[in-house]
Amino acid sequence: MAILPLSDISFDDQDANLFLVDDVRLRADALKQSILPRLSVVLNSAIALIREVYGIEALDDSIISVFPNFRQKRDRELKILYESAFVGLGGQRKAKWPGFSRQDGKPVQILPFRLAFELRIDGVSMVLANAWLKGLSDQSFEEILQFHVQHEHKINPLCFESCMRPHHFWAEDLPILSTFRRQYRYRIHHGEFDNHFIGHNYHFPVAGVQLEELVRSFATFFPIYDSYIQMAKGFPHRLDALIAKLNNWFQQEQEESKDEKRLEDFESKKESALAAASTEFKIRVMPSIRWQVFQRDQWKCVACGRNSHDGVILHVDHIQPRSFGGLDVLDNYQTLCNICNIGKGNRDATDLRNKG
């Protein structure tokens, strides 16, 4: 399987256009065959950075969790018009996670939290879903919230550095400007356990420095997710040890890095989200040319037949190169994987759709 560098990945307005198209099957296939493979490259970069910073193999206790995760061959036609896609870390399915318990007394096999990259119509962000799956006992959820109460002074700097904010809980008898410690205690008392975290949203186009920032944020916030995993295993959390390693890495980075304009570059490249995201459309929105080409070519490389399941990224290629007068029209496009596209070059006008 080819391992692509982060520099080869980007997300643009055509990805946003996908969420305006009302073709259920096209939207689902595009998410699974094009969006998820690119998000997976971003996650792989984050896993590599976690290994570099903490000396931890993130997949020792976690699996790569993806959404949507429907079967390509189904007895029934898809009916879900997906509004998002994500790739992230989730706890492995084990016989049991002895640190937590279920309401029905059965062993815990699936953990209800995932740390993931998420793509929506307005951009790409990071999220820690903290209670997406019901079934854990109140005592288990209370343990998670008590962890935040006890270590608020350590967790807050991680939130600031990774641009992650906890979901603010609203209640008539809870002051709007209350501390998160008070919020957590209120939630424990009233059984409101869904304490998810939301990261900064990077508006399209998202590439280069924005993706690097997302990967950095993921690795910075990883000690929170890891603490949940350790508690689920029945082990003491290792928050202090991971924060110490993170501080050492920051110090080394400052000493070695000459790029002091990271935030300035980020601000200069930001673009506003599509105004159409909040508008009710009364006309049919046509899919962008990329999705039309992929759908026509059945979501696979016309040269070698590989698709996202083979670990490749699909590209749209000009059959007649622009340098030779090729037009930006549907008939002049073909689907190639990243490997075949490199081999073709910009002087080759071969129509690989007619191969064989």
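**Close-up views of a predicted model**

The structure holds 14 aromatic pairs. This is a predicted model, and the legends below walk through its rings, its cores and a few single residues.

**View 1. Y54 and F222 form a tilted ring pair.** The two ring centres are 5.8 Å apart and the planes meet at 35 degrees, so the pair counts as tilted. This pair links distant parts of the chain, as 168 residues separate its two members. Y54 belongs to helix α2 (residues 24–54), while F222 belongs to helix α6 (residues 209–233). Are these two residues buried or exposed? Both Y54 and F222 are buried.

**View 2. W291 and F294 meet edge-to-face.** Here the ring centres lie 6.2 Å apart and the planes stand at 70 degrees, so this pair is edge-to-face. Both residues sit in helix α9 (residues 289–296), and because they are 3 residues apart there, about one helical turn separates W291 from F294. Both W291 and F294 are buried. While you are looking at W291, find R290 as well: R290 lies over the face of W291, at 5.4 Å from the ring centre.

**View 3. Ring pairs build a cluster.** Which residues belong to this cluster? Y54, F100, F113, F147, F222, Y225 and Y228 are linked by ring pairs. You have already met Y54 and F222 as a tilted pair.

**View 4. F11, L39 and L128 in the largest nonpolar core.** This core has 86 residues, and F11, L39 and L128 touch the most other members. Helix α2 gives the most to the core, with 16 residues. L39 makes a handy starting point for exploring: leaving aside neighbours within four places in sequence, L39 is in contact with F11, A85, F86, V87, F117, L119 and V124.

**View 5. Another core, of 7 residues, lies apart from the largest one.** Among the residues of this other core are C301, C337, C340 and L352. C301 turns up again in the next view, where its sulfur is the point of interest.

**View 6. C301 and C304 are not bonded through their sulfurs.** How many disulfides does the structure hold? The structure holds 0 disulfides. For the sulfur of C301, the closest cysteine sulfur is in C304, at 3.7 Å, which is too far for a bond; a disulfide would need the two sulfur atoms within 2.5 Å. Seen from the other side, the closest cysteine sulfur to that of C304 is the one in C301. The two cysteines also have their own accessibility values: C301 is buried, with a relative accessible area of 2%, whereas C304 is partly exposed, at 34% relative accessibility.

**View 7. S140 in helix α3.** Helix α3 spans residues 138–150, and S140 has its place there. S140 is buried, with a relative accessible area of 3%. Not counting residues up to four places away in sequence, S140 touches F100 and S101. F100 will be familiar as one of the residues in the ring cluster.

**View 8. The whole chain, for orientation.** Stepping back, the chain has 10 helices and 10 strands. Buried residues make up 48% of its 356 residues. Among contacts between residues at least 6 apart in sequence, 72% join residues at least 24 apart. The accessible surface of the chain comes to about 18700 Å², and 50% of that surface belongs to carbon and sulfur atoms.

Conventions. Residues are numbered from 1 along each chain as its sequence is written. This is a predicted model: local features need pLDDT of at least 70, side-chain atom pairs count only at pLDDT 80 or more; totals for chains, interfaces and linings use all residues. Side-chain values use heavy atoms; hydrogens and water are left out. Helices (H or I, at least four residues) and strands (E, at least two) are DSSP runs, numbered from the N terminus. Buried means under 20% relative accessible area, exposed over 50%, partly exposed in between (1.4 Å probe, protein chains only). Contact means heavy atoms within 4.5 Å. Accessible areas come from the Shrake-Rupley method with a 1.4 Å probe; for residues, only the protein chains shown count as cover. Rings of Phe, Tyr and Trp (its six-membered ring) pair if their centres lie within 6.5 Å; planes under 30 degrees apart count as stacked, over 60 as edge-to-face and the rest as tilted. A charge sits over a ring if NZ of Lys or CZ of Arg is within 6 Å of the ring centre and within 35 degrees of the ring normal. A nonpolar core is a set of buried Ala, Val, Leu, Ile, Met, Phe, Trp, Tyr and Cys residues joined through side-chain atoms within 4.5 Å.
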